[in-house]
Amino acid sequence: MSAVAGSRPAPKVFVRPGALLPAAFLVLLGIAVVVPGLLTSVDPLAADPLNALSPPGAAHWFGTDHLGRDVLARAIHGAGHSVVIGVAATAIAVASGVLLGLAAGLSPTWLDEALARSFDVLSTLPELLLALLIVAITGPGTGNVIFAIAVAQVPNYARVIRAQTFVVRHSGYVEQALTFGRSRLAITAGHVLPNVLGPIPVLATIGLGQAVIAGSGLSFLGMGPQPPAAEWGAMLAEARNYLRVAWWEAFFPGLAITLTVVCLTVVGRRLQRRFEGRTP
Amino acid sequence: MIRRLGAGLAVLWAAATTSYVALLLAPGDTVDILVGDGPDTPEIRARIVAEWGLDRPEIVQYVAYLWRLLHGDLGRSYQLQRGVGEILATQVGPTAQLTLAAAAAGVALAGIIAVVTAGRGRWLRGAASAAELVSVSVPPFLIGIVLLSVFSFTLGWFPVSGAQGPAALVLPALALGLPIAGVLGQVLRGGLERALEQPFAVTARARGLTERALVARHALRHALIPAVTLAGWFTGTLLGGAVITEILFGRPGLGQVAMQAVTGRDMPVVMAVVLLSAIVYVTISTLLDLAYRAIDPRIRG
Amino acid sequence: MTTYAAPPSVGTLVGVTDLRVGFDGTEVVRGVSLSVAPGECVAIVGESGSGKSVTARTLLGLAGPRSTVSAAEFRVSGRDALAFGPADWRRLRGRFAGLVLQDALVSLDPLRTVGAEIAEVLAVHGVVPRARRADRVLELLEAVGVPDPAARAGQHPHQLSGGLRQRALIASAIAADPELIIADEPTTALDVTVQAQILRLLAERKAAGTALLLISHDLAVVASIADRILVMKDGLIVEEGPAGDVLGAPAHDYTKSLLAAVPSAASRGTRLTTGAPRTRPVPNPSAQVLAGTGLSRSYGPRRVVDDVSFALHEGETLGVVGESGSGKTTLARLALGLLEPDAGRVSLHQRQWSHLRERARRPLRPRIQLISQNPLDSFDPRHTVGRLVAEPLRLPRAERHAQVLDMLDRVGLPPETAARHPRELSGGQRQRVAIARALGPRPDVLVCDEPVSALDVSIQAQVLDLLADLQSEYGTAMLFISHDLGVVHHVADRVLVMKDGQVVEEGDVRAVFSRPRDPYTRALVASVPRMPARTGPRL
Amino acid sequence: QTTQNATLTWAVETQPITLNPQLWSQNKARLLVFNQFDALISRGEDGSFQPWLAKSWEASDDGLTYTLDLRDDVTFHDGTKFDAASVKANLDQFRVPGYNPAVAAIQLKALDEAEVVSPYRLKLTLKEPDALFLDFLASPYAGQVSPKSLKSAKDLKFGGPDLVGTGPFILDRFVQGQELHYRRNPAYQWPPAGAAHQGPAYLPEITYRFLPEAAVRVGALTSGQVQVIEGVPATEVGLIKKDPDLTLQTSLNSGTAYSYYFNTSHPPFDDQRVREAFREAVDVDAVLKSVYQGTATRAWSIVGEKSPFYDGTLKGTFGGDLAKANSLLDAAGWGQRDAEGFRVKDGKRLTVREVASAPFVRDRRDILSQAVQAQVKQNAGIDFQVRIVDQGSAQKALEEDQYEIFGNSRGDSDAGAALNLILPEKGAINRTHFADPRVDKWLASASATSDQAERKELYAKVQRAAVTEKAIVFPIYVPADQVAARKSVRGLGFDPASGTPAGAYDVRIGT
Ligand SMILES: Nc1ncnc2c1ncn2[C@@H]1O[C@H](COP(=O)(O)OP(=O)(O)OP(=O)(O)O)[C@@H](O)[C@H]1O
Ligand SMILES: Nc1ncnc2c1ncn2[C@@H]1O[C@H](COP(=O)(O)OP(=O)(O)OP(=O)(O)O)[C@@H](O)[C@H]1O
Ligand SMILES: [Mg+2]
Ligand SMILES: [Mg+2]
Ligand code: NI
């Protein structure tokens, strides 16, 4: 005489055309990061002062910037900087977030409490301000920006992992594994860790988008990769002075950032739906 | 409550100390900053060191720093030649105005969009969701630039800058508030839709409630819970975003001061800003806890 | 298969012919006809997913988003419901018919007070003036038997027990004095004693002249109160008739199997699915495998298990019954060595068990295994069935695989199941996987914590038969926990009755249930709903 | 026709670090200083010194005493009288330890003492002759501050409304990060000799709004929200010129040209051929055209064209000869190239680094560096790395000799002052590590004489030595200031001493 759990049909994976576009863009982005040469043969740093600020046309599809560099080539090569910053920062943040979160979730109460407070301290500073502070200390540059964004994002992941660890630690299957006579270490490695990682793909995909935005924000403030590196945020920062004469110089890097983040978020949400679909 | 206060103070102390240590680790030294672009001779340096007390051991400087903090003395800015407290006092107002206006704009926009579109037709929801997605995906400074170009330079509806009057607040508040509206809109709509599917919502319908009454009386409060948990994030986004917005719109405020201080490594100002934002964060998260309790009786214990 | 298709007569409150409801193109209600006359109690019974709830909700226009509803004729309150707009439906809901939803525990808004929820109906339909509303809410709470209504009205649902919540929900359903109450599984999540109270409450409303449409998966529950019973399967009504006829002389095979599958005193010693007799392992009273003496355990100030002793012998099944919160699961965890007792000790094979270090306990763990109520929760969501079943096995890789297939075969699952994920299986299949996994290491003791509570009667019957078969094959001793007295009566040799962490009565199952000595046991036994005379009291 | 009561809003790029004239350090703040304060003397268009608060002055033949006759009709904004005692108080303030160590150590190095001879006559005694002393008296440092407010000001180092002067405007509001607001000083009767009118200023009020974003400044001007802007970005110059509602005025700055100084203390720039090759590898005209849209004036010497000491003969002596650049580098042993096309020698790439401190990068010099970077890479295989870092890191790099190029321009009203800092072996900002006894001697003699013709000749020798003979410097452009305004704004001008925008004394709104 108890509630009857209806079994849910297994989620089907639909391939809708709308789902394909973001994925296709991300693939293109991946190519731009790894082998930008496939997409353009133009040197993103080659300045041609005499052809500066020429509008989009046959010679330069996206026009040229204030130093006569090809905006398309710079946008493509910019992926390398912007996306790598995002990916590296997210990777570092995820790795340390998982480690810290897991440690907190499995620790005795006092240590857990201390770790949780330290996440608090990190989050008391707005992300951008913290990144600014770190960059101000370490100096501008790609590596430092990555580090800064990573540090700022660690608490996000650590908190989720910590909460997730609590849940998994008290779940039926961990208890069950105990009755099989498995050791704590084996259970942590075999059940807890893999299961707390569940939300990470989703969080990381969406976090990646936010890291790209944060990176471009820092670049915009002049704290990012140094000139002449093509980085979308830095390109935008330079281009803002030419808005009235050359909209294309700002438009394309802006579009690149926006599309990247939109596509990452869309894919992240789709992952999330699939993820949620499979854990009732 | 006492425990929360204690934890809050501990967080503040940790924030102050962390930033102090972090700045000590920075390259170059304070004297360089004070010398600046000007002529640089050993005599000038010696005078500066003496004047700022930089010849004392670091630990002494740190203790002195904490001691002064306890007395509400935030020190003197290296760059701006003025008391930090005084600088911040003039800057808190504009930033508070900006962030509150942005928060209000974000919340209002998100609320309206969520209530109007929750559970409605595919197209309406699709459009709202796309708009939200774009608003969180466009870098905030780009939103600012576009708003400025369209509404100020071209249409001339709003002044470009400054902190005069409500009209000057519209564009910066929007620039800062739109990404928030996007996130909040998504969360609220998701919450509303989830609430509207719950058994208690079906029960309420079975009592003869209209959909609108259902949203107003039941669903909205449920949707608020996840939104409230995000508010800490909003605070960070607002304060961080204020840096870019203030610079872009030429508004006075903490963000601008912070940026200036950070690039100039103006230690006292940086630390004061860090401390201030920690205070804001701690205060807001405490308030949120209370709000949370007010909304959700289940956690009142 | 017969389809009942009499046109609703004019006097009916609700009448529908050939009702079809589909979600996203799949029809889940496939031509149901039914009618409810004033003052009548109609019950729909059927297994999970047969479409009972959807039918009930559709009668109030609440089939939900993405649903498509069609009917040959659909009359509500004498009007043509097929032509209703949202406003027409709204005027009827709550006023003409009150709905008590299936998920009683979550059908009240957790953020609002119980009083506000009840008052809402009054406000929407303007049945009592604003000033009188608060009083009326108290009257209603009183009427449904909520003690201290004034205090309860100001509380939130989470502060109320399941029974009180269900009452409050019923109060809100009857607030506007509807002519019809639709109650969807109103007692499902409740303890037997509370269930009996709620059934009494509904019977009172019926006596007061309100018509009832009662939905349940439990035949015994509806037996006591329904005038007519409709048996539903796969979206169709397979049998319909006066309660006595349907239960006493079922015409349809499905109804028959449904009735036969109910475990009870009468079914002891038989296989539930076939009715054939089965052999029970003979307990060996000299070989004690598991024993607890003077066990106590507290959470905070509350003693959840209080001075409990028990002994379990080879081949024996010890049943543990008790209401929710009485400490059954806690006792199981103590027995499994997952929880240290505050006082007392547990011994396994007459050797120290509860006070061992985990390292010393580990090699012994395969001797005692667990089957829990919600198998899905006890499966690592990432693992396949094969991997899950293999986990407790300490065998070389090659043998392990063979053993897994063997165990799956024994629980009646095809070998392909090994590659699937448990979430792709039905509830009964999942419980089979759990059994396969628990029996893999050939334990001496099997602790079953409500192993069939989540299952339909027919599936429950299969699982109980399976457990019994495997037990007699392996001679495993079982600590069998259930809130269902019928189930315990069917499977157990001896029984412990628990209340508030204490054992109030213990003894041979037949003796305890037929001649309960303790007043609590007596109340418990009395609360069990009974089937009509044909099969006698079902315990 | 003049609208007497119209007010004006003027958008400026930088917010001053301090409003105290005695601590002034930014040329961009000059126009603000001279709204509020008057100096003792002023400079005419021809570079000559003219009376201001001092009616006349006389220097002794040995150049060791100056006697100033002051105006007797001047009052400070706080009502106190301006006289010889107040000038002395101002000068003495610089002697307060830690107050302004830089001025005390450089501009006032020679000053021995100030003596009040009579209420309006002051005698200044120097320890040694100083050709730049009059320049000091005409600089913002000599802006006269009420001695009373020097004592009572709440925040002396910052200045602000309670640090008062005698100028045509009274500062009555400062909002950090937002604006400065002045109102007219109705009692003002003592403009400098070169002023276009007499009596109080035309404008009753003026607001200076701080708008650091160039695009925002221009947007504010074109949409009529401000009437004047300074710091017009080169990209907008064309559009502004075309706009019939706007006017644009340009003036070259005085002082030194923006130049790259080569660090000669270590390779590769210890080799003069490499220094010359670097200069030849850049097509400066093309670079300037792309970066400044043709609005920048190419520089040929350290000293800017605006300065009377500019040596015109240097014009056309270097730059843009790619063949020469490459043959010079080949000759210097940098003949090989690596995979990326950069020249290498002994396995080391031909890398030169510029380190700049972010807060001091202005005028799109970061972009200029990028353009030069692209040019030297394409034209000569030189790896030019540009690092724009925070002040601390920049200072550290400079101290540790971790740079090869140092970009700098100075806005000193007397170019000689700048040369004294940059070129002598012990110069305070000698970043080239250049040491030439001849140059040191020429500079010393030029500082000791006040004969302008003689100074010009000496400075010409110095310039030739640095630019052509030793090639330690690569002059690039002469900084200029642009002011754009609505058509109705009249009387905008430039400070003759510095070439930066002048204060608002003569500004009016009319048709
Ligand atoms: N909103 C819905 N969307 C899609 N399918 C639904 C929906 N509601 C019910 N169903 C499906 O309709 C079928 C019948 O559901 P219903 O809830 O009526 O079963 P039931 O007989 O009440 O079962 P139980 O005893 O478990 O309550 C099930 O297969 C269920 O999955
Ligand atoms: N980890 C825990 N912490 C605090 N209290 C607990 C914990 N586990 C159980 N309890 C409390 O102990 C009491 C007994 O719980 P237990 O799960 O043993 O009851 P049960 O008889 O199995 O009930 P049910 O039939 O509902 O499963 C309950 O009131 C429960 O709230
Ligand atoms: Mg149901
Ligand atoms: Mg239990
Ligand atoms: Ni049941």
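**Close-up views of ligand 2 and chain C**

The largest share of the shell around ligand 2 comes from H11(C), which gives 3 residues. Keep in mind as you look that this is a predicted model.

**View 1. Two elements of chain C help to line the shell around ligand 2.** Find helix H11 (328-335) and strand E13 (302-314) of chain C: each of them supplies at least two residues of this shell.

**View 2. A ring of residues from chain C sits around ligand 2.** Start with C:Tyr299, C:Arg302 and C:Val304. Then look for C:Glu323, C:Ser324, C:Gly325, C:Ser326 and C:Gly327. Next come C:Lys328, C:Thr329 and C:Thr330, and C:Glu450 completes the list. Sorted by class, the shell has 6 polar, 4 charged and 2 nonpolar residues.

**View 3. Oxygen atoms of ligand 2 make polar contacts with chain C.** At C:Thr329, a polar side-chain atom lies 2.6 Å from an oxygen atom of ligand 2. C:Lys328 takes part through its backbone, with an N or O atom 2.8 Å from a ligand 2 oxygen. For C:Ser326, a polar backbone atom is 3.2 Å from an oxygen atom of ligand 2. How much of ligand 2 does the protein bury? Taken alone, ligand 2 exposes 630 Å², and the protein buries 60% of that.

**View 4. Chain C is divided into two domains.** Domain 1 covers 104-177, while domain 2 is made of 317-340 + 353-527. Taken over C-alpha atoms, the centres of domain 1 and domain 2 of chain C are 39 Å apart.

Notes. Residues are numbered from 1 along each chain as its sequence is written. Chains are lettered from A and ligands numbered from 1 in the order in which they are written. This is a predicted model: local features need pLDDT of at least 70, side-chain atom pairs count only at pLDDT 80 or more; totals for chains, interfaces and linings use all residues. Side-chain values use heavy atoms; hydrogens and water are left out. Domain bounds come from an automatic or database domain assignment. A residue is near a molecule or strand if one of its heavy atoms lies within 4 Å of it. A polar contact is a pair of N or O atoms within 3.5 Å; within protein, one must be able to donate a hydrogen and the other to accept it, and residues adjacent in sequence count only if both atoms are side-chain atoms. Accessible areas come from the Shrake-Rupley method with a 1.4 Å probe; for residues, only the protein chains shown count as cover. Helices (H or I, at least four residues) and strands (E, at least two) are DSSP runs, numbered from the N terminus. Ala, Val, Leu, Ile, Met, Phe, Trp, Tyr, Cys and Pro count as nonpolar, Asp, Glu, Lys and Arg as charged, and the others, Gly among them, as polar.
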